[in-house]
Amino acid sequence: STQSTWGLLFNLRRIRMEGLEQMKGINILKGISVQDVPADLFIGEFATFLEKSGTFLVPQWADWVKTGVHKELAPYESNWFFIRAAAIARKIYLAGSGIGIETLRERFGANERNGTISSHHRRANAKIIRYSVKELEKMKLVDTLVKQVEDESGKMIQSCTKGRGISAKGRAEMDKIATQIYKKLHPRKQYSKPLKHLITFNFKSPRTKKKTTKKKKKK
């Protein structure tokens, strides 16, 4: 009947909503990516990963170089180069289809203060970005994407590069770090009641017309 059908649908919806509320802290952590965690936490953890790897070499000029013309001084942090490299790797990861050096310069740029004159956007230092990308390529975390086209004979040739993209190894390492951060932010919760107690259906029989008996009027 119509009433029993609507009652069944309402119970199924209630089970789904209550089940989702309980399963918020019991994720299987399948498919956790970099974009599922805060940027500052991921960049800090990935910078530590690059520093402990031992294969990412910091240049000698990193002590006095500025990150752009809009900056007055060089960074004060001792591990600032690893932090910038981790931020660059995250930008490449989120780009997906490839990103170039000039686009990264725009992303890491900022406005230059000119006093009473209006401020203007300045791009970031290209040397730092280019060196960091090359070091990430040496670690096989980043690949150079090449665009292929057909020539007159029908063969596929390499025409130009599409920028840098994250490699399979780099995606695996970055997702692994993101999963560890996600576990710290969302610890698993234990519930005393299982989800089976939610499966309670109230089947109601369809309405039946009650037989009305006419009372005989007393004469």
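**Glu 102, its salt bridges and the nonpolar core**

Trainee: Is Glu 102 buried, partly exposed or exposed in this model?

Mentor: The model is a predicted one. Glu 102 has a relative accessibility of 40%. Buried requires under 20% and exposed over 50%, so Glu 102 counts as partly exposed.

Trainee: How far apart are the closest N and O atoms of Arg 123 and Glu 102?

Mentor: Arg 123 lies in the loop between β2 (117-122) and α5, whereas Glu 102 lies in helix α4, so their pair ties together parts that are 21 residues apart in sequence. In this salt bridge, the closest N and O atoms are separated by 2.5 Å.

Trainee: Which helix holds both Arg 105 and Glu 102?

Mentor: The side chains of these two residues also meet in a salt bridge, at 3.6 Å from N to O. They are 3 residues apart, about one turn of the helix, and both belong to α4.

Trainee: Which strand holds the partner of Glu 137?

Mentor: The side chain of Glu 137 meets that of Arg 164 in a salt bridge of 3.0 Å, N to O. Glu 137 lies in helix α5, so the pair ties together parts 27 residues apart in sequence, and Arg 164 lies in strand β4.

Trainee: Which residues are joined with Glu 102 into one network?

Mentor: At 24% relative accessibility, Glu 137 is partly exposed. The network around Glu 102 arises from salt bridges that share partners, and it joins Glu 102 with Arg 105 and Arg 123.

Trainee: Which element gives the largest share of the largest nonpolar core?

Mentor: This core has 40 residues. Elements that give two or more residues to it include α2 (39-53) and α3 (80-95). The largest share, 10 residues, comes from α3.

Key: Residues are numbered from 1 along each chain as its sequence is written. This is a predicted model: local features need pLDDT of at least 70, side-chain atom pairs count only at pLDDT 80 or more; totals for chains, interfaces and linings use all residues. Side-chain values use heavy atoms; hydrogens and water are left out. A nonpolar core is a set of buried Ala, Val, Leu, Ile, Met, Phe, Trp, Tyr and Cys residues joined through side-chain atoms within 4.5 Å. Buried means under 20% relative accessible area, exposed over 50%, partly exposed in between (1.4 Å probe, protein chains only). Helices (H or I, at least four residues) and strands (E, at least two) are DSSP runs, numbered from the N terminus. A salt bridge is a side-chain nitrogen of Lys or Arg within 4 Å of a carboxyl oxygen of Asp or Glu.
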